[in-house]
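Me: I am new to this kind of picture, and I would like to learn how to read it step by step. Could you take me through it slowly?

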Amino acid sequence: MHVSSLRNTIMSKEEIIAELKNIITPYSEETIALQSIDDETDFLKDLKINSANLVDIVLDIEDRFNIEIDNDSMAKMLTVKATVDIIENKRQENAG
Amino acid sequence: MLGNDIVDLKFAKLHYNWRRKGYLNKIFSARELELINSSKSEHTMVWLLWSMKEAAYKCYNRLTSERLFNPQAFECALFSSCNNSASGVVKRNGQSFFTKTEINQNYVHTLAYSGTWMLDHLSVQHLKNNAAYSVDFTHSTNCSLQKDRNHLPEVINKNTQQKHMASISHDGQYLCIAFLKV
């Protein structure tokens with residue numbers, strides 16, 4: 001499925017992680033860590049993503065999920081788990 | 001406390017698109033954006049301020065053990081800047097980190113430190129960014145690299161066994177190791 005934005009679509013946590021993996025992949029060369037991506041995966045330590053590209057990932061997430069990520073939320077976005085929590089919260093706010 | 005950060009300017013041009021819509025606003029305050037807009041070389045100013053934030057973050061992380069990704073919370077001010085160097089301060093939560101930056105056509109390299117006295121006691125090794133950098137470092141300094149108990153880098157002098165706080169940064173083809181000689 002390829003859609004420009006996932007606004008108003010109901011998504012499971014697994015679907016969010018799968019989408020997140022698509023977003024992250026161009027910015028990491030750690031193919032093995034990418035394949036086994038899970039809650040605990042750390043963007044910097046495990047995926048060796050450059051922090052200048054973390055900004056791109058945050059912008060890609062905003063575009064893809066049609067949400068706005070404030071600085072305090074962005075501050076926590078160092079792991080898959082923290083990022084999925086933020087995406088779920090922001091999507092809920094939008095739906096509400 | 002000590003931190004360093006290097007940006008490979010050519011690599012940055014290819015891999016970090018700061019002209020992307022929304023990019024700079026995620027990183028910089030209104031005052032910092034003003035510095036970028038009024039600069040003769042926006043590309044250099046973007047990476048100068050970025051490297052100041054990154055180097056200061058490494059100091060802050062060493063001090064507090066807190067991990068975060070919030071570049072805007074590290075506010076930069078420049079004391080002076082010219083074509084080949086800059087000095088300034090980065091503030092976070094009332095904490096100040098001083099910075100000194102070397103600028104040339106290839107890279108921007110910033111040292112951040114918590115006390116001005118440290119500047120005279122810092123040693124910087126520029127190496128190629130490759131898997132064998134640790135071996136290269138030992139060859140050129142007679143010191144070896146290891147992790148301290150907090151998993152942060154430290155340098156150990158092979159002759160004296162003295163340990164020194166260290167910071168490692170790499171980007172593109174460059175790798176830089178800074179350590180405090182006291």
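Reply: What follows is a guided reading, one chain after the other and then the place where the chains meet. Please keep in mind throughout that this is a predicted model.

Me: Let me begin with chain A: how many helices and how many strands are there in chain A?

Reply: Counting the elements is a good start, and in chain A the count is five helices and zero strands, which gives the pattern α-α-α-α-α when chain A is read along the sequence. The radius of gyration of chain A is 13 Å, close to the 12 Å from the globule rule for 96 residues, and therefore chain A is as compact as a globular protein of that length.

Me: What does the C-alpha trace of chain A span along its principal axes, and what share of its residues is buried?

Reply: The C-alpha trace of chain A spans about 35 × 30 × 20 Å along those axes, while 26% of the 96 residues in chain A are buried. As for the contacts in chain A with a separation of 6 or more, 53% are between residues 24 or more positions apart.

Me: Now chain B, please: in which order do the strands of its open sheet lie?

Reply: For a sheet, one reads the order of neighbours in space, and in chain B the five strands of an open sheet lie in the order E1-E5-E4-E3-E2, with antiparallel pairing. Strand E1 (2-8) and strand E2 (75-81) of chain B are at the edges and have a single partner strand each, so one side of each is left without a neighbour in the sheet. From one strand to the next, the twist averages 20°. As a general idea, the side chains in a regular strand alternate between the two faces of the sheet.

Me: How many bridges join E2(B) to strand E3 of chain B, and which residue is the partner of Leu78(B)?

Reply: Six bridges join these two antiparallel strands, with E3(B) covering residues 85-92, and Leu78(B) has Gly88(B) as its bridge partner in E3(B). A hairpin of three residues leads from E2(B) to E3(B). Elsewhere in the sheet, six bridges also join strand E4 (residues 95-103) to strand E5 (residues 107-113) of chain B, and there Thr101(B) has Thr110(B) as its partner.

Me: Finally, which element gives the most residues to the side of chain A that touches chain B?

Reply: Twelve residues of chain A are in contact with 14 residues of chain B. Helix H3 (51-65) and helix H4 (71-75) of chain A each give two or more residues to that side of chain A, and H3(A) gives the most, with seven. By class, this side of chain A has nine nonpolar, three polar and no charged residues.

How values were computed
Residues are numbered from 1 along each chain as its sequence is written. Chains are lettered from A and ligands numbered from 1 in the order in which they are written. This is a predicted model: local features need pLDDT of at least 70, side-chain atom pairs count only at pLDDT 80 or more; totals for chains, interfaces and linings use all residues. Two strands pair if DSSP finds at least two bridges between them. Helices (H or I, at least four residues) and strands (E, at least two) are DSSP runs, numbered from the N terminus. Axes are lines fitted to C-alpha atoms, for helices over the stretch in contact, and angles run from 0 to 180 degrees between N-to-C directions. Two residues are in contact if their C-beta atoms, placed from the backbone, lie within 7 Å. Ala, Val, Leu, Ile, Met, Phe, Trp, Tyr, Cys and Pro count as nonpolar, Asp, Glu, Lys and Arg as charged, and the others, Gly among them, as polar. The radius of gyration is taken over C-alpha atoms; the globule rule is 2.2 Å times the number of residues to the power 0.38. A residue is buried if 20 or more other C-beta atoms lie within 10 Å of its own, exposed if 12 or fewer, and partly exposed in between; C-beta atoms are placed from the backbone.
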